[in-house]
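Trainee: I am new to this structure and would love a close look at one part of it. Could you pick a helix and walk me through its surroundings?

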Amino acid sequence: MLDLDKLAHMLPPRVRNALDAQIEALGVLTEIRDPRVLASLAPSGVRGLLLHRGKQGVPTRIRASHYAHFDWTYPTDFPEMRMLYDRAKSGQWDSASLPWSTDVDPMNPEIPIAPDYFLDFSALEGMGVTLDARERLQLSHSIIAWMLSQFLHGEQGALFAAAQVTEAVQFFDGKLYGATQVMDEGRHVEVFHRYVTEKLGKLYQINDNLFVIIDALMSDGRWDMKFLGMQIMVEGLALGAFGTIYRGTKEPLLRQLLKMVIQDEARHVHYGVLALREHITKSLSEKERCEREDWAFEVALLMRNRFLMYELYEEWFEGRITRAQWRELVLGSPGLREFRDVMFTRLMPNLREIGLLSPRIVPHYERAELMKYSAGAAANELTGEQMISDLDRVA
Ligand SMILES: [Fe+2]
Ligand SMILES: [Fe+2]
């Protein structure tokens, strides 16, 4: 295998920094060991990481290739999904009921929107960059705007993926439930867009790594891969991110907004666990199950290390510190560590529950230090209210 790190270190520092993004992008692809997983992720990787398709203006078109699954007998085929559908109907809420009149001021140090531990300012000083109090607030504003912009883009992906899954899924009760998720995701797009534009006044483009995952699951024709990508992986990521900000923000409108969204997302992951557990443990061959297991592992690694906010580096620190220093700063920050903890606490029990944590893959997760998160409750055993009270308890 190509040793990109070794190759990079032979280059002069300035050239290395200039090529760092390409070297890192190739690193993502060369790290994938399973050829079937590489074949399914590589085209999206090239589109997202090398061609930056998500940043090439409007529109971005991704070709869908799934079958719409019709059933003219309208069976009642999954009572637990039907119950979830009933719960989703009564759990609908109106975005207009959020306290939009709240005055949100990102420059007010009394009510910080982002927790101040997202970046380690003393480590930044150690790299020769000192920010005064005003600059720190401005940077915090950029960080929260970046994060909420990524939530918004993720919600757009979720809206379209939920619509695709509603067409493609084989359970009729799942289709009815799916209709409620499409509505939920539409509302999420609306509230995040309104918050980002009206309250923060700053919208960032989609992060390349997020684009890769969305591109991969939108273009994969297999409905269970869409489920795995969106309902388990991306929603797990979202719950981690929403939970971290919900816990850390002092801004009441954002806190209320996230509280409502988290309760919807808890149902979405529950649905994903129900559908995939049935399908993976009863319908797939062992070979097909292994492919899903490897795919989930590679995406988990992508999620663990790759959301490094380079868009903020380019805006704030290009020319002042290197990309490698920025990476070190972000990976070492307490905020990102907490984000990873909450995300994998949600994700790993779900992978266990749907049958994608067999003894064959466990040593790989152990090496990635992710097995420690696998013992908790899966989404089918947790309600949104319980998730919120867990987050409140440790706040
Ligand atoms: Fe959502
Ligand atoms: Fe969702």
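Mentor: Happy to! Let us start with a pair: α9 and helix α14 (residues 334-353) pack at an angle of about 140°, with their axes 8 Å apart. Axes here are lines fitted to C-alpha atoms, for helices over the stretch in contact, and angles run from 0 to 180 degrees between N-to-C directions. Helices (H or I, at least four residues) and strands (E, at least two) are DSSP runs, numbered from the N terminus.

A word on the model before we go on. It is a predicted one, where local features need pLDDT of at least 70 and side-chain atom pairs count only at pLDDT 80 or more, while totals for chains, interfaces and linings use all residues. Residues are numbered from 1 along each chain as its sequence is written, and chains are lettered from A and ligands numbered from 1 in the order in which they are written.

Back to our pair: α9 and α14 cross in a right-handed way, meaning that the near helix is turned clockwise from the far one by less than a right angle (anticlockwise would be left-handed). On the α9 side, the residues that meet α14 include Ile-232, Gly-236, Leu-237 and Gly-240; among their partners in α14 are Phe-339, Val-342, Met-343 and Leu-347. Contact means that C-beta atoms, placed from the backbone, lie within 7 Å. By class, this contact of α9 with α14 has eight nonpolar, five polar and two charged residues. Ala, Val, Leu, Ile, Met, Phe, Trp, Tyr, Cys and Pro count as nonpolar, Asp, Glu, Lys and Arg as charged, and the others, Gly among them, as polar.

Now zoom in on Leu-237, which sits in α9. Leu-237 is buried, as 25 other C-beta atoms lie within 10 Å; the cut-off for buried is 20 or more, with 12 or fewer for exposed and partly exposed in between. Leaving aside residues up to four places away in sequence, Leu-237 touches Met-303 and Met-343. From Leu-237 to Phe-151 is 86 residues in sequence, and 9.9 Å in space from C-alpha to C-alpha.

There is another neighbour to meet. Helix α9 (residues 223-248) packs with helix α10 (residues 252-282) at an angle of about 150°, with their axes 9 Å apart. That makes α9 roughly antiparallel to α10, a label for angles over 145 degrees. The crossing of α9 and α10 is left-handed.

Stepping back, the chain has 16 helices and zero strands, and buried residues make up 42% of its 395 residues.

Note on methods: Angles under 35 degrees count as roughly parallel, over 145 as roughly antiparallel, 65 to 115 as roughly perpendicular and the rest as oblique. Two residues are in contact if their C-beta atoms, placed from the backbone, lie within 7 Å.
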